[in-house]
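Trainee: Could you walk me through this protein model, one piece at a time? I'd like to try asking about the parts myself.

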Amino acid sequence: MRERDPRIVLGLHRSRYERRILTSALDLGINAIDTSFNYHGFSAHAALWAVGRDLLPHFKLSTKVGFFPTSGQAEHSLDPGRLRGAMERTNCDLGRAPDLVFLHNPEQSLTGAGSSSATQDKLGMACAALAAAAAEGLCGGWGISSWDPRPLPSLVDSTTPTPDVVMVRAGLTARIDVLEAAESLAARWSLGTAQLWGMSPFGGRATDPLWGKVDPRVFIQDPAEDLSPVQAAFSTAFQLPRVGRVAVGTDNPSHLRELSAALRYEANADTLLTYRRLLRERTARQPA
């Protein structure tokens, strides 16, 4: 087993919840898992316990609450009682308290939710519910995971509970307004790099044909000849925005090994500044 490296979080997002990916992660020194209450048809936690209950003590475990089953589908809610109930069930299904619970995509229930003060109160009460659960031992800490953080910075003020971690989209497929909103949200709470996590570094799947058509290696400082485009894209994701960890989903131990090897490369800061400027200029030229 390698020395632990906290920069990669194994995301069990579209996972089949197989034991081999858990053991492979531990062999690579990856000891963090991210899942969600609603994944795997709302059975992710039970499935994880079933295949790896003896391994779970070796992992830091984060999960998410915010989506709930209804009439054969999923609906989003920030109701504090429903969030609390999901966290209680999470503890039962996992046989332990998760180390971190994220409020899952709160923007789903905030966009078009009425006046700004009512929307702000809605977010604040949901955050307070998670903060209270953490204080009571239902989880080790809490955070916000947002696919589209653009509505959130304007809703945060000094009365909003401060999360331990914020997780946002990262990498070359993230739009400039999403990147800047993520940075603005973290700044609202004075969160450092270690408290900002990235997710979806490939914008979906690393096997997307996109990564055979573009060359992310141009963003890497001193790339080796055998550096793959996928590795370069992954390394770059740590700087778009600047995050301390990146959650990446896979069931493939070889892919996880490839990403772990990519951590020895650093993105070129000057090249990324130019890239961000070009993205900003392109967005400004587009019609509203």
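Mentor: Sure, here come some questions and answers on strands, helices, salt bridges and a pocket. Keep in mind that this is a predicted model, where local features need pLDDT of at least 70, side-chain atom pairs count only at pLDDT 80 or more, and totals for chains, interfaces and linings use all residues. Residues are numbered from 1 along each chain as its sequence is written, and side-chain values use heavy atoms, with hydrogens and water left out.

Trainee: In what order do the eight strands close into a barrel?

Mentor: Helices (H or I, at least four residues) and strands (E, at least two) are DSSP runs, numbered from the N terminus. Two strands pair if DSSP finds at least two bridges between them. The pairing in this barrel is parallel, and the order is β1-β2-β3-β6-β7-β8-β9-β11.

Trainee: By how much are neighbouring strands of this sheet turned against each other on average?

Mentor: Axes are lines fitted to C-alpha atoms, for helices over the stretch in contact, and angles run from 0 to 180 degrees between N-to-C directions. With direction ignored, the average turn between neighbours in this sheet is 25°.

Trainee: Which residue in β9 is the bridge partner of Met167?

Mentor: Start one strand back: β7 (residues 142–146) runs parallel to β8 (residues 165–169), joined by four bridges. Across that pairing, Gly143 faces Val165 and Ser146 faces Val168. β8 also pairs in the parallel sense with β9 (residues 196–199), again over four bridges. There, the partner of Met167 is Trp197.

Trainee: How many residues of β8 are buried?

Mentor: Buried means under 20% relative accessible area, exposed means over 50%, and partly exposed is in between (1.4 Å probe, protein chains only). β8 is largely enclosed by the rest of the structure, because the buried count is five of the five residues.

Trainee: How many residues of helix α8 are buried?

Mentor: Helix α8 covers residues 229–237 and is largely enclosed by the rest of the structure. Among the buried ones are Val230, Phe234 and Ala237. The count is eight of the nine residues.

Trainee: Is Lys213 buried or exposed?

Mentor: Lys213 lies in helix α7 (residues 210–213). Its relative accessible area is 71%, so Lys213 is exposed.

Trainee: Which residue in β5 is the bridge partner of Phe68?

Mentor: Strands β4 (residues 67–70) and β5 (residues 73–76) pair in the antiparallel sense over four bridges. They form a hairpin with two residues between them, and Ser71 in the turn has a positive phi of about 50°. Opposite Phe68 in β5 sits Glu75.

Trainee: How many salt bridges are there?

Mentor: Side chains of opposite charge can pair when their charged atoms come close. The rule for a salt bridge is a side-chain nitrogen of Lys or Arg within 4 Å of a carboxyl oxygen of Asp or Glu. Counted that way, the total is 17.

Trainee: How far apart are the closest N and O atoms of Arg20 and Glu18?

Mentor: Glu18 also meets Arg16 in a salt bridge, at 3.0 Å from N to O. Glu18 is partly exposed at 27%, and Arg20 is partly exposed too, at 44%. For Arg20 and Glu18, the closest N and O atoms are apart by 3.4 Å.

Trainee: What is the N to O distance between Asp215 and Arg217?

Mentor: Asp215 is partly exposed, with a relative accessible area of 36%, and Arg217 is partly exposed at 30%. Their side chains meet in a salt bridge, with an N to O distance of 2.7 Å.

Trainee: Which helix gives the most to the lining of the second largest pocket?

Mentor: A pocket is an open set of points on a 1 Å grid over the protein atoms alone, where a 1.4 Å probe fits, with protein on both sides within 12 Å along at least five of seven lines; lining residues have an atom within 4 Å of a point. The lining here includes Leu172, Asp177, Tyr275 and Arg282. Helices α6 (176–188) and α10 (269–285) each supply at least two of its residues. The top contributor, with four residues, is α10.
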